[in-house]
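Visitor: I'm new to looking at protein models. Could you walk me through this one and tell me how you get from the numbers to the words?

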Amino acid sequence: MHHRQLAIAAVLAFTAAGAQAQNKLELSQRILTAQQTSIENIGRALAAQTSQQILDAAGQALQQVPADKRDAVGKAMQADVKQFYDEVEPMLKTSAVKLAPGTVGTLLEEKFTEDELKQILAWIDSPTSRKYQQVTGDMQQNLTQKLVTETRGS
């Protein structure tokens, strides 16, 4: 009888652990879904950063072009970089969303308890969080403008 009770206890413990892991997986997926725009923004930012690096390099190369042809070559370079951005940006956004469960989701499941994941999800879904997210862009823009104004002379 004792062995049977141990076996039942082991099965129950295993089942509970599996259910908790499943709940954490579901919660992390819900968090990722709620944060999809932020995840896509990582892809968008990477596309913009890469495009800017290409423009910077092209700008340096443009100095080697005869002065009378610089304007036309510069416009053509800008058009090419815009085309590059337009092609790579959707791909990077899609890839970021695809990779998020195996990267961000895994970290959420490893670093947070089920209760903490529920709290994070409750925060993300709260009206206060949505309002904060809306104001974040304004806060960053205001800080950037002030930083530029205050440090321009430096």
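**From numbers to words**

Guide: Let's begin with the outside: the protein chain exposes about 11500 Å², and carbon and sulfur atoms supply 59% of that area. Keep in mind that this is a predicted model.

Visitor: How much of the protein chain counts as buried?

Guide: Of its 154 residues, 18% count as buried. To earn that word, a residue needs a relative accessible area under 20%.

Visitor: What makes up the secondary structure of the chain?

Guide: There are 5 helices and 0 strands, so reading along the sequence you get α-α-α-α-α. As for contacts between residues at least 6 apart in sequence, 79% of them join residues at least 24 apart.

Visitor: Why is L27 called buried?

Guide: Its relative accessible area is 7%, and buried means under 20%, so L27 gets the label. L27 is found in helix α1. Leaving out residues up to four places away in sequence, L27 touches E114, L117, K118 and L121. The C-alpha atoms of L27 and D115 are 9.7 Å apart, though their positions lie 88 residues apart along the chain.

Visitor: What makes a group of residues a nonpolar core?

Guide: The members have to be buried residues of certain kinds, such as Leu, Ile and Ala, joined through side-chain atoms within 4.5 Å. The largest such core here has 10 residues: L27, I31, L32, I39, A96, A100, L108, L117, L121 and I124. Helices α1 (2–34), α3 (67–111) and α4 (114–125) each supply at least two of its residues. In general, nonpolar side chains in soluble globular proteins tend to be buried together.

Visitor: Which residues does L108 touch?

Guide: Not counting residues up to four places away in sequence, L108 touches S28, I31, L32 and L117.

Visitor: Which residues of α3 are buried?

Guide: They are G74, V81, V88, E89, L92, A96, A100, G105 and L108.

Visitor: How do you know that α3 is not straight?

Guide: Compare two lengths. With 45 residues at 1.5 Å a residue, a straight helix would reach 66 Å, but the end C-alpha atoms of α3 are only 57 Å apart. There is also a bend of about 55° at A100, and a proline, P101, follows within four residues.

Visitor: What about α5: how does its length compare with the expected span?

Guide: Helix α5 (residues 127–151) has 25 residues, which should span 36 Å, and its end C-alpha atoms are 36 Å apart, so the two agree. Even so, α5 has a kink of about 30°, centred on V135.

Visitor: Why is W123 called partly exposed?

Guide: Partly exposed is the label between 20% and 50%. W123 has 42% relative accessibility, so that is where it falls. W123 sits in helix α4, and, leaving aside neighbours within four places in sequence, it is in contact with T128 and S129.

Visitor: Why is the pair D86 and K82 called a salt bridge?

Guide: The rule asks for a side-chain nitrogen of Lys or Arg within 4 Å of a carboxyl oxygen of Asp or Glu. For D86 and K82 the N to O distance is 2.7 Å, so the pair passes. Both lie in helix α3, 4 residues apart, about one turn of the helix. Now the labels: D86, at 40%, is partly exposed, while K82, at 51%, is exposed, since exposed means over 50%.

Visitor: What makes E89 and K93 count as a salt bridge?

Guide: Their N to O distance is 3.7 Å, and that is within the 4 Å limit. These two also lie in helix α3, 4 residues apart. E89 is buried, because its relative accessible area is 11%. R44, E89 and K93 are linked in a network of salt bridges.

Visitor: How do you know that K146 and E150 are about one helical turn apart?

Guide: They are 4 residues apart in helix α5, so about one helical turn separates them. The closest N and O atoms of this salt bridge are 3.3 Å apart. K146, at 49%, counts as partly exposed, whereas E150, at 53%, is exposed.

Visitor: How many salt bridges does the count come to?

Guide: By this rule, 6. In general, side chains of opposite charge can pair when their charged atoms come close.

Key
Residues are numbered from 1 along each chain as its sequence is written. This is a predicted model: local features need pLDDT of at least 70, side-chain atom pairs count only at pLDDT 80 or more; totals for chains, interfaces and linings use all residues. Side-chain values use heavy atoms; hydrogens and water are left out. Buried means under 20% relative accessible area, exposed over 50%, partly exposed in between (1.4 Å probe, protein chains only). Contact means heavy atoms within 4.5 Å. Accessible areas come from the Shrake-Rupley method with a 1.4 Å probe; for residues, only the protein chains shown count as cover. The expected span of a helix is 1.5 Å times one less than its number of residues. The bend at a residue is the angle between axes fitted to the seven residues ending there and the seven starting there.
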